[in-house]
Number of protein chains: 2
Amino acid sequence: MGATMKVLILSAGKRVKIIEYLRQAGVETIIAADCSELAPALYVADSFYIVPRSTTPEYAPAVRDICKRESVDLCIPTLDLDLDPLAEYREEFASFGTTLMISPAPSIDLAADKWKMYEFCLAHNIPTPRTWIDRDVLDRDLASGEARFPLFSKPVRSAGSVDIGIARDSRDLDNIFASSQRMLVQEFMDGEPFDVDVYLDLHSGLVRGINPKLKLRMREGTTDKALIFDDPELTNFIEDLFSKAAFRGVVDVDLYATPTGYSLLEINPRFSWSYAHSHECGANFIEALLADVSGKRLDRVATARPKWHALAYDSVILNRNRN
Amino acid sequence: MGATMKVLILSAGKRVKIIEYLRQAGVETIIAADCSELAPALYVADSFYIVPRSTTPEYAPAVRDICKRESVDLCIPTLDLDLDPLAEYREEFASFGTTLMISPAPSIDLAADKWKMYEFCLAHNIPTPRTWIDRDVLDRDLASGEARFPLFSKPVRSAGSVDIGIARDSRDLDNIFASSQRMLVQEFMDGEPFDVDVYLDLHSGLVRGINPKLKLRMREGTTDKALIFDDPELTNFIEDLFSKAAFRGVVDVDLYATPTGYSLLEINPRFSWSYAHSHECGANFIEALLADVSGKRLDRVATARPKWHALAYDSVILNRNRN
């Protein structure tokens, strides 16, 4: 698999395990790109590029130039901030032979906008936490008891847990809605947090693999300890979700298991930060991705072994100081 | 080295790399102990024990029983909380053939008590941040301008960064000194934070190896990115410190490089959380330790290569759920 393939991994950062898995899957050449020379994954790739930040207009053209110059077969964005600038480039990249592992542009926008996602869930009957963006509606629902404190506050568009807060009373809401960012508030979820790695066929968008993990402990926004978990109801939830939402490749779904069933928190249309937890227990989405890029017909990826714990620990890479 | 040796590692937790290094150094049998089955290092050892928490009176006897039953050659406590309960056991462990890698009991107490350490530094002319434990003295020094806000507040005895706060005014001080714990406050350090791995001869306490790291980024109290750094002045500082303070084995020193020189923050008399950063660039204190336990004469451990970055990333271990 992937024996003559050249892969570019973007915002390589700490994605060391993904590079190791690509190599194990037989990828011949792995190129890493990051905006910082202190990204450890740069030093396990065959070569690397320092590129502009993905928030700058220079980012997408720089990535395109690398893909063209290096004849990259597969380009993998790994950061939420990579997705928006690259979303429009899928066809152009394809025209010179590079498969960009990215979902359709409207889906990238949907996943990045929590209010659009909420409306999408309502329209498609997908359980999700009750959400308010309009203060008047919220005040009315607070008065009637349909909404109640505490509430989560989040920017409508934000990656990760940046600027997430808690509103305990009306004064907190005043501050939240006075923010320079568009904000929304969400009901508190009574349940257990899950993270699900999903592989979606690059061509059809069909679900080819699902690996759910119950998050037991977090560390700076990434999963530190998890329990691999198999539940047919959760599989059905994921299948239903992606029959309605058009995503592609490896994606990450955050949800809660509540007393009344699963509830969708968000879709991150890129590798989860704990993809290694799934991969190590057999959910090899890297091989599925490489097969998909090579035009092989995809079977269902083997499901993970249930009831294993995934336990993170620190490893380290040394570079020479290049200054 | 260590070919017929049996090593027990306590509070194994995430100390996966230390176990890997012990194995690379030729240790025949590695046993891990932890109070939690979710400690990843348990699953890379040859066998493991679940033991009581080190804060309970059952801890030290449980460790002693394992060492005796398993004929352990070397027992390595790795957590601050391991040290106090084991400090009195060094001779007893030695009597049945187990070397306990631990500093003398008075030094363990010194390192655990920030006020004693401050007085020790004053008495031995070791630069350290100015510290106050008496509110009256502090108020007098604030009035005269010898002390000024903001100040760090810390429990006199605490491990890691637990309950560390900032005092910005007198009211903050009222709250701090009203705490049920004994508290002290420290001046803010104007400088760069360093972490130094040191190997001290188990018998003589002489410094055998020094590996300084400039901390560039922290993550939940551990070093995420560091610059390996060589400076003769820092070497002299460490040599001077341990000619005055009697420690043994692998220890970790936190200090600041200030405009007027190095300033000692604390001594952690156990492996640092970023020991792997030193080991990977050549400061192999594991081999020094095993040679020391085997009674070999120790030479100076090779110094680290300067100007490399140490860059942490997450790796993961799976266990079977044992419930």
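Arg157(A) and Asp113(A) form a salt bridge, with the closest N and O atoms 3.5 Å apart; the term stands for a side-chain nitrogen of Lys or Arg within 4 Å of a carboxyl oxygen of Asp or Glu. This pair ties together distant parts of the chain, 44 residues apart. Arg157(A) sits in the loop between β7 (151–155) and β8 (165–167) of chain A, and Asp113(A) in the loop between α5 (105–112) and α6 (114–123) of chain A. Helices (H or I, at least four residues) and strands (E, at least two) are DSSP runs, numbered from the N terminus. Over all chains, a search of the whole structure turns up 56 salt bridges.

A word on the ground rules comes next. This is a predicted model, in which local features need pLDDT of at least 70 and side-chain atom pairs count only at pLDDT 80 or more, while totals for chains, interfaces and linings use all residues. Residues are numbered from 1 along each chain as its sequence is written, chains are lettered from A and ligands numbered from 1 in the order in which they are written, and side-chain values use heavy atoms, with hydrogens and water left out.

Now to the pair of chains. Chain A can be laid on chain B with an RMSD of 0.0 Å by a turn of 180° and a shift of 0.0 Å along the axis, the superposition being by least squares on the C-alpha atoms of residues with pLDDT of at least 70 in both. The two copies are therefore related as by a two-fold rotation axis. In chain A, the C-alpha nearest that axis belongs to Asp314(A), 2.5 Å away from it.

How do the copies meet? The contact (heavy atoms within 4.5 Å) draws 37 residues from chain A and 36 residues from chain B. Since 97% of the interface residues of chain A are also interface residues in chain B, the copies meet through the same surface. Between them, chain A and chain B bury about 3,800 Å², with 56% of it on carbon and sulfur atoms. Buried area here is the accessible area (1.4 Å probe) that two parts lose on being put together, summed over both. On the chain A side, Leu311(A), Tyr313(A) and Leu318(A) lose the most area to chain B, together 21% of what that side buries.

The rule finds eight salt bridges across the interface of chain A and chain B. One salt bridge in the structure joins Lys14(B) to Asp224(A), whose closest N and O atoms are 2.4 Å apart. The same interface also has 16 residue pairs in polar contact, both residues at pLDDT 80 or more. A polar contact is a pair of N or O atoms within 3.5 Å; within protein, one must be able to donate a hydrogen and the other to accept it, and residues adjacent in sequence count only if both atoms are side-chain atoms. On the side of chain A that touches chain B, α1, β11 (207–219), β12 (222–228), α10 (275–280) and β15 (308–320) each supply at least two residues. The largest share there, 13 residues, comes from β15(A). That side of chain A splits into 18 nonpolar, six polar and 13 charged residues, where Ala, Val, Leu, Ile, Met, Phe, Trp, Tyr, Cys and Pro count as nonpolar, Asp, Glu, Lys and Arg as charged, and the others, Gly among them, as polar.

Inside chain A, the domain assignment gives domain 1 (6–101), domain 2 (130–187) and domain 3 (190–311); such bounds come from an automatic or database domain assignment. The C-alpha centres of domain 1 and domain 3 of chain A lie 22 Å apart. Here 19 residues of domain 1 of chain A touch 19 residues of domain 3 of chain A, and the area buried between these two domains is about 1,600 Å², of which carbon and sulfur atoms give 72%. In domain 1, Arg15(A), Tyr21(A) and Met101(A) lose the most area to domain 3, together 38% of what that side buries.

One salt bridge is found across this domain interface, along with four residue pairs in polar contact. On the domain 1 side, α1 (16–24), β4 (74–76) and α3 (80–86) of chain A each supply at least two residues. The largest share, four residues, is from α1(A).

Finally, the backbone. A cis peptide bond joins Phe149(A) and Pro150(A), with omega about -5°, and Pro150(A) lies in the loop between α7 (135–144) and β7 of chain A.
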